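Trainee: I am new to this structure and would be grateful for a close look at a single part of it. Could you please take one sheet, describe what surrounds it, and then turn to other places of interest?

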Protein chains: 2
Amino acid sequence: MSDLVVPHLLTAQTGPLLQLEQRILDSLPAIERWFRLQWQEHTPPFYGSVDLRNAGYKLAPVDMNLFPGGFNNLSELMLPAAVQAAQSAIDRICPDARNLLLIPERHTRNQFYLTNVARLVRILRQTGLEVRIGSLADDVTQPTQVVLDDGEELTVEPLVRNGDYLGVGSAAGGFFQPCAILLNNDLSAGIPPILRGLDDQIVIPPLQAGWAVRRKSNHFAAYDGVAEEFAGLIDIDPWFINPYFGRCGEVNFHERSGEECVATNIDFVLDRMRDKYREHGITDTPYVVVKADAGTYGMGVMTVRDASEVRGLNRKQRNKMSVVKEGLEVSEVIIQEGVPTREEVNGAAAEPVVYMVDRTVVGGFYRVHTTRGRDENLNAPGMHFVPLAFSESCNLPDCGAPAGDSAPNRFYAYGVIARLALLAAAIELESTAERVHDVPMSSAAIATAIAG
Amino acid sequence: MSDLVVPHLLTAQTGPLLQLEQRILDSLPAIERWFRLQWQEHTPPFYGSVDLRNAGYKLAPVDMNLFPGGFNNLSELMLPAAVQAAQSAIDRICPDARNLLLIPERHTRNQFYLTNVARLVRILRQTGLEVRIGSLADDVTQPTQVVLDDGEELTVEPLVRNGDYLGVGSAAGGFFQPCAILLNNDLSAGIPPILRGLDDQIVIPPLQAGWAVRRKSNHFAAYDGVAEEFAGLIDIDPWFINPYFGRCGEVNFHERSGEECVATNIDFVLDRMRDKYREHGITDTPYVVVKADAGTYGMGVMTVRDASEVRGLNRKQRNKMSVVKEGLEVSEVIIQEGVPTREEVNGAAAEPVVYMVDRTVVGGFYRVHTTRGRDENLNAPGMHFVPLAFSESCNLPDCGAPAGDSAPNRFYAYGVIARLALLAAAIELESTAERVHDVPMSSAAIATAIAG
C-alpha cells in the first residue's frame, strides 16, 4: 500500500467543494441509479481517462482521452476491477471472441508507453482473449520482439489486410483474424486506409474517437448537456462541475488569421467566469486555456489571462501552438475556462487523472509537476505520476466520515465527475459517427498508405 | 495488507496439484473464454460461496452455498469488485430498479451474521439501490433498530404482503415495493407462503435455491457434467476436480431405516476411490462424508472410513445426524468422497471458502479449526476465519512465477474451481425450477404462516 498516496489538499476555498462533495455523497443511490439508466441509453467507450481539476470551489473535467496511455501508472490493486470491466465490455462487443488485436501508437521505442501496452495486454488476456499487437509503424515490417525494462517481452507485428479483414500473421503461418480491434492509437495522423471498410470486425473505440474526426469542443458540448442534467439531479449550479468554453474553426497561428475569433472567445469566457466568480465570492484571477481542438499530449496549449495576449504572440509561441502531434496542423482551437488546481503532492501542483474501462472507474493517479503552477498545464515534460488511493475507495465512499476529511469521499466524487465525462464521450461518439466518412486521408495517412 | 495471510501449504503430495495448477494457468485464455460462453447459456446465481478442499493431488468443491453468510469475512480490498459484480447482476435482473428488499436469516441477534448483512447492504447500496431489510422472524412486528458491535445500525422491518406484492412499511408511512427480493435466508424451514405467488417481483436466488427444494446431490450431479466438460477442455482426469458421491432418499436415523442404502453407497464410493488412489499412487486412507442432502451449517455431517460405522450408530450420533437447522428432519443423505485438506494456517487445518457475486470471484477466506483434523468437517463451533489474499491475485495470476511457489497462482486455480461449482449451481437451478410448486409447506412454515 506504500505506493498509494493521499495527497494534501490545500484548505483555502475548500468550502464550496465540501458542500459539493457532501451533496454527491448524500445522493449516491440516486447518482448510481441515474448512471445505470444512462448506460442503458448510451454505450460507454471501451476505455478512457479524464483529467480533472479541483479548484476547491469547483471540480471539473478539463480533458477526456479515449486512448488512455498510462495504465502502467495505476495501482496493481485495481487490476482485478479492470479485468472485470473489460470482461463486461467484451461480452457486449463480441461475446464469443477468441482473438483481439491491439493497435498501439507508432512510437514503439518508448519504454513508458510500451509498459502501458504490456499492462493493457495483461488485462485483456485475463478476460480470456488471445491478444496480439499490430503496428501502424512503417518500420515494423516483420514480427519484432521488444524487451521492456522489467524484462517482459512484447511482440509487435505488422498489420495485414486480408480482403475485408484486418489481422496479423500470414496465410502461411496462420492469419490471426480478430473479432475486435482495440485502438490505443489516437489517429492523430488521420484514419489509415488499412482501418477503413472493415467487414464484421469491430473497431473500439470507433474511428470517430480518433483525432482525425474528434474535437474537444464536441466533447464539451455533449458534456454541457450531461452536466446540466446531473446538476439538476443533485440540485447544484452546473458551473461547479463544468468549465465554460468557446471554439474557433479557422485559425492559422503562422499566418495570424483567426486571431480575432480567439480573442473574442477569450473575452466571452472570461466575462462569464467573472460573473460566476462574483456570484460565488471567488477572488482568483480568471484565466482561460487555449488549446488545439483536435489533439493530445498537452501540446498546443496556452494559458491566457487577457485577450490581448493572443494578439501579440511571438514566432516561438506561434510555432508551439501550430502543431500538436505527428505533424497535425492546428486550425481549430478550443478556448476553455481555466480551473486552477488546489491540489498538491509534496508541495508540487497536481491534478487527478481518472481511468475507466467500460463504465467502471479502474484507478487513477496524480499528474504532478514540480516546476509548474496551479494554473498551468501539467501535462508537460518533467511531470511524474503518483497512483491514487482508489483501490479501497472509489466505488466505496466511507459514508460515515465527514466530507473533506476523508480521501475516499473525495475520490468517490472524482469517480462520479469522471464518469460524467465518460458519458459525455459516449454521447459525443454517437453524434459524430457519420463524420468518419467525411474525413479525407491526411497527408500523413496518405504517406503511410503509399509506404505500406 | 496485514490481514491477508498466505497460508503454508503442506508440501507432501503436492506434485499432481502442481501439474493441475500449471495446466489451469497454461489454459487461462481457453478457460476464461469457456466461462464467457457458458455464462451466455446459463445465468449465474446472484451470489454464492464454495467450500474447497485441496488435497494436494486433488482440488475440489465439497459444498456450494447459495445464501452466503460470511461477506464480513472478506478483505475490504475486494469490495469494489463485489459492487461491480452486483451492478452487473442488477443490470440483468431489473435494470431500472430503485428498491431492493433483503430477507436475512431469522436469527437477528447474532452479531456475526448481522455484520454480514450490514456488509451486503453496503455493497448493494453502492450499486444505487435503496435497500431495506425485511424479516421472516415472528418477533419482528415493527421496525427494529439493531446496533452492531462496531456501532453501525441496521433497521429490520416486518415483511408486508400487499396483494401480489411483497415489501416493508405501511400504506400510511409509504409501502416500500422492491423490484427484486434478495434472499439471504436459505429457507430451511420451507417456503413461507408470503414469498409465494409474487407478481412481477423477482426473487433472487430463486425459491428452488432454498433447502426446501434444493438437494446437494442435484448440485453435484450438475457438477459432474461441468467437471467432465472442463476436464476435457484442459485435458485432465475429471476426478482431480470432482469428488464421487451417492445418495439415499429414504433414511430415518432414529428408526434405523435406510441404513442399508447408506452403507451400500459408502462401499460404492470407497471402492471407486480406492481404484483412483491406486491409479494415481495415493497412499491416504479413503473416507467418505455422510451429510444431509438438504441442509447447511455443517450440521448432520459424519466422517466414515467403513460402511460398518453407519450400522452401529449410538443414540447421540443418530440425534446429531437427524436434524440440521430450524427442525428440518434429515431423510435424504448424500455420501460424498472425502477430500482431506492439506492446507494449514498456523498449524491448524484450513479449507478455502471462495465468494462470488454474479460471475465474479469477490474474495474468500480460510475456514480454520484448531482442534479438527484434515479429514474432518471444519464447519463446526470453534472455527475461525482468515481472509484470503485474493485481492491482488484471484483474477490475475502471476503467470511468470512457477506454479506452487506462488500464492496468486494457487488462488487463480481456486477461483476457477469455485466458478465451476457456480456454473453447476446455475444448471442445477434451471433443472429444479419446476419443483417449487411441488413443495408442500413444511410444518415449520405452516407454523410460521399461522403465527404470522
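**The open sheet of chain A**

Mentor: In this predicted model, strand β13 (residues 288-292) of chain A runs antiparallel to strand β15 (residues 333-337) of chain A, and 5 bridges join them. Strands, like helices, are DSSP runs numbered from the N terminus (E, at least two residues, for strands; H or I, at least four, for helices), and two strands pair if DSSP finds at least two bridges between them. Within this pairing, A:Lys291 stands opposite A:Ile334 of β15(A).

The open sheet holds 4 strands of chain A, in the order β12-β15-β13-β14, with antiparallel pairing. Its edge strands, each pairing on one side only, are β12 (245-248) and β14 (301-304) of chain A. On average, neighbouring strands of this sheet are turned by 20° against each other, direction ignored. Helix α5 (residues 216-234) of chain A packs on the sheet, where it touches β12, β13 and β15 of chain A, and its direction makes about 150° with that of β12(A). Helix α6 (residues 259-280) of chain A lies across β12, β13, β14 and β15 of chain A, at about 175° to β12(A). Contact here means heavy atoms within 4.5 Å; axes are lines fitted to C-alpha atoms, for helices over the stretch in contact, and angles run from 0 to 180 degrees between N-to-C directions.

As to the basis of these statements, residues are numbered from 1 along each chain as its sequence is written, and chains are lettered from A in the order in which they are written. The model is predicted, so that local features need pLDDT of at least 70 and side-chain atom pairs 80 or more, while totals for chains, interfaces and linings use all residues; side-chain values use heavy atoms, without hydrogens and water.

Turning to aromatic residues, the structure holds 28 aromatic pairs over all chains. One of them is the tilted pair of B:Tyr47 and B:Phe71, with 5.9 Å centre to centre and 35° between the planes. Rings of Phe, Tyr and Trp (its six-membered ring) pair if their centres lie within 6.5 Å; planes under 30 degrees apart count as stacked, over 60 as edge-to-face and the rest as tilted. Because B:Tyr47 lies in strand β2 (residues 47-54) of chain B and B:Phe71 in the loop between β3 (59-65) and α3 (79-93) of chain B, the pair ties together parts that are 24 residues apart in sequence. In chain A, ring pairs link A:Phe46, A:Tyr47, A:Phe71, A:Tyr355, A:Phe365 and A:Phe385 into a cluster.
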